[in-house]
Amino acid sequence: MFDLIVGRINNLLWGEGQILIYILLFTGIWFSVRLKLIQIFKFKHMFSLLKGSSKCDKNDISSFQALCTGLSARVGTGNLAGVAVAISLGGSGAIFWMWVIAILGMATGFAESVLGQVYKVRDSQGEFRGGPAYYIQQGIGSRTLAIAFALCLFLGYGFTFSAMQTNTITDALNFAFEIPTFYSGIVITLLAGSIILGGFKAIARFAERVVPVMGIVFVLAAVIITLINVTQVPAMLKDIFLSAFGLQEAGAGAMGAAIKNGIQRGLYSNEAGAGSVPHASASASPIPNHPVTQGYIQMLGVFFDTIVLCSCTAVIILLADVDISGEMEGIRLTQAAMTAHLAQGGVYFVAAAISLFAFTSVVANYAYAESNLHLFKLDNKLGRGIYTLLYLSMMMWGASATLKEVWDLADIALGLMTVVNVIAIILLTPTILNVTDDYNRQRAKGIEPEFNAKNVLVQGKTEQGIWH
């Protein structure tokens, strides 16, 4: 009965109904147009803000730490296992549609991250909290919709996604080293617990140290594999583009499968529009002290996650001489591809990479859902204790669950979150445009942008003590 309900909801969101595919394409195009192709024309400026992104007050979280926390959640199974799932079900053409949704998603990610900053609050611990539930309640004035999003978030990032990340790690370790999934699940759960108990700041510091290193190593591995197989690259690119539009042989229905799986796995990887990353955005104390700064920084996160890292995984798989069955394949397809390139060492490399990638996601996912406890006035020892216990319990369940069970639940949670968040950010478009115009006007005058909520037309209300 449970499987039937899960299947029907996913079919409505992702399958025959394809509601989310239309919603995400519309939202990406909407913000790309309204923000005047900000992801293209402000591409250089986006990178320039990295220079001062590590600056902040000593008791706060910097823009760079928030970026790394956001990437901790983004860079995980979606990059290694999710790309494999997309290719196994949608063919190589799915990669093209992952690129499309990422480019459009950069504008969406900018918009929601700006809102995360504008409507952030300080909690009882003195830390910044924010995200869709906060900008829905303060900006739109709907407590009901805010609670609906928070509940979807708890289902997804609070419980299901931790199970899915753990499932992928334990499967990779079992395939590489024959470690029983139950025992590796225990170790992963204990390690995660030791970090998340330190709170958001501890998670941000962990992400700042680990994410850049693991990203660089993985990109270097993909570059080396590409150079070794450089003669095959033109044929690979040709196959991606032809498959994306169903133009290759036996292409009937291939275009639909490529679009569906490319967009679905692209969203799962970069999370643009899902409403997750605004939690990391809100936690930052950016310098310059303006919400748009964090919008640009998190837009860079979408680019790095999908255009860079997902492409690296795609190249590794598509340049390998491995059979793609057409059935759902996850991390083991990526491991098989790496084995084709690096012999047995490839299995170990992917096992190590996915363990780090997915583990950082587990830690960041906890922080996202935990930040919403403040909304229910449960950000006390008892509330955090109960939530932490449930979170770690779901990790243990995920260690031994089946691939399909975990991914189906993850798809539902991500889909429902996205529907609620997209409604909110479109309704709050005037605020996004006004805040962005304020930033651009100050830059045009040659001054460092500083945000004052009293001088900008913002929907609803903000916490004035934060923004003057």
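Start with the whole chain: of its 468 residues, 60% count as buried. The model on screen is a predicted one. Colour by secondary structure and the chain shows 20 helices and two strands. Contacts across the sequence are common here: among contacts with a separation of 6 or more, 81% join residues 24 or more positions apart.

**The annotated spans**

Next, select residues 20-43, 140-161, 181-203, 210-228, 300-320, 347-369, 381-400 and 412-435. An unreviewed UniProt entry annotates these stretches as "transmembrane region". Two of them can be looked at one by one. Residues 300-320 are 90% helix and 0% strand, and 29 Å separates the C-alpha atoms at the two ends. Residues 412-435 are 96% helix, again with 0% strand, and their end C-alpha atoms lie 33 Å apart.

**Helices α9 and α18**

Now show α9, which covers residues 143-177, together with α18, residues 381-400. At what angle do α9 and α18 pack? The angle is about 35°, and the axes are 7 Å apart. The crossing of α9 past α18 is right-handed. To see the contact, show the side chains on both helices. From α9 come F154, Y157, G158, F159, T160, S162, A163, T166, N167 and T170. From α18 come Y387, L390, Y391, M394, M395, W397, G398 and A399. By type, the residues of this contact are eleven nonpolar, seven polar and no charged.

**T166, within that contact**

Stay on α9 and centre the view on T166, one of the residues that touch α18. Is T166 buried or exposed? With a relative accessible area of 0%, T166 is below the 20% cut-off and therefore counts as buried. Its side chain reaches the backbone oxygen of S162 at 2.7 Å. Leaving out neighbours within four places in sequence, the residues in contact with T166 are V362, M395 and A399. M395 and A399 also appear in the list for α18.

**T313, in helix α15**

Move to α15, residues 291-318, and select T313. Like the previous stop, T313 is a buried residue, and its relative accessible area is 0%. Which residues does T313 touch, not counting those up to four places away in sequence? They are N79, L80, V83, F218 and T334. The position of T313 falls inside the annotated span 300-320.

**L342, in helix α16**

Go on to α16, residues 331-342, and select L342. L342 has a relative accessible area of 39%, so L342 counts as partly exposed, between the 20% and 50% cut-offs. Add I225 to the selection: L342 and I225 are 117 residues apart along the chain, while their C-alpha atoms are separated by 8.9 Å.

**K36 and L37, in a loop**

Finish in the loop between α2 (19-34) and α3 (38-41), where K36 is found. L37 sits in that loop between α2 and α3 as well. Look at the backbone here. Most residues other than glycine have a negative phi. K36 has a positive phi, near 60°. L37, also not a glycine, has a positive phi of about 50°. How accessible are the two? K36 is exposed, with a relative accessible area of 66%, whereas L37 is partly exposed at 35%. Both K36 and L37 lie in the annotated span 20-43.

Definitions and conventions: Residues are numbered from 1 along each chain as its sequence is written. This is a predicted model: local features need pLDDT of at least 70, side-chain atom pairs count only at pLDDT 80 or more; totals for chains, interfaces and linings use all residues. Side-chain values use heavy atoms; hydrogens and water are left out. Helices (H or I, at least four residues) and strands (E, at least two) are DSSP runs, numbered from the N terminus. Buried means under 20% relative accessible area, exposed over 50%, partly exposed in between (1.4 Å probe, protein chains only). A polar contact is a pair of N or O atoms within 3.5 Å; within protein, one must be able to donate a hydrogen and the other to accept it, and residues adjacent in sequence count only if both atoms are side-chain atoms. Contact means heavy atoms within 4.5 Å. UniProt positions are given in the numbering used here, feature names are shortened, and annotations may be inferred rather than shown by experiment. Axes are lines fitted to C-alpha atoms, for helices over the stretch in contact, and angles run from 0 to 180 degrees between N-to-C directions. A crossing is left-handed if the near helix is turned anticlockwise from the far one by less than a right angle, and right-handed if clockwise. Ala, Val, Leu, Ile, Met, Phe, Trp, Tyr, Cys and Pro count as nonpolar, Asp, Glu, Lys and Arg as charged, and the others, Gly among them, as polar.
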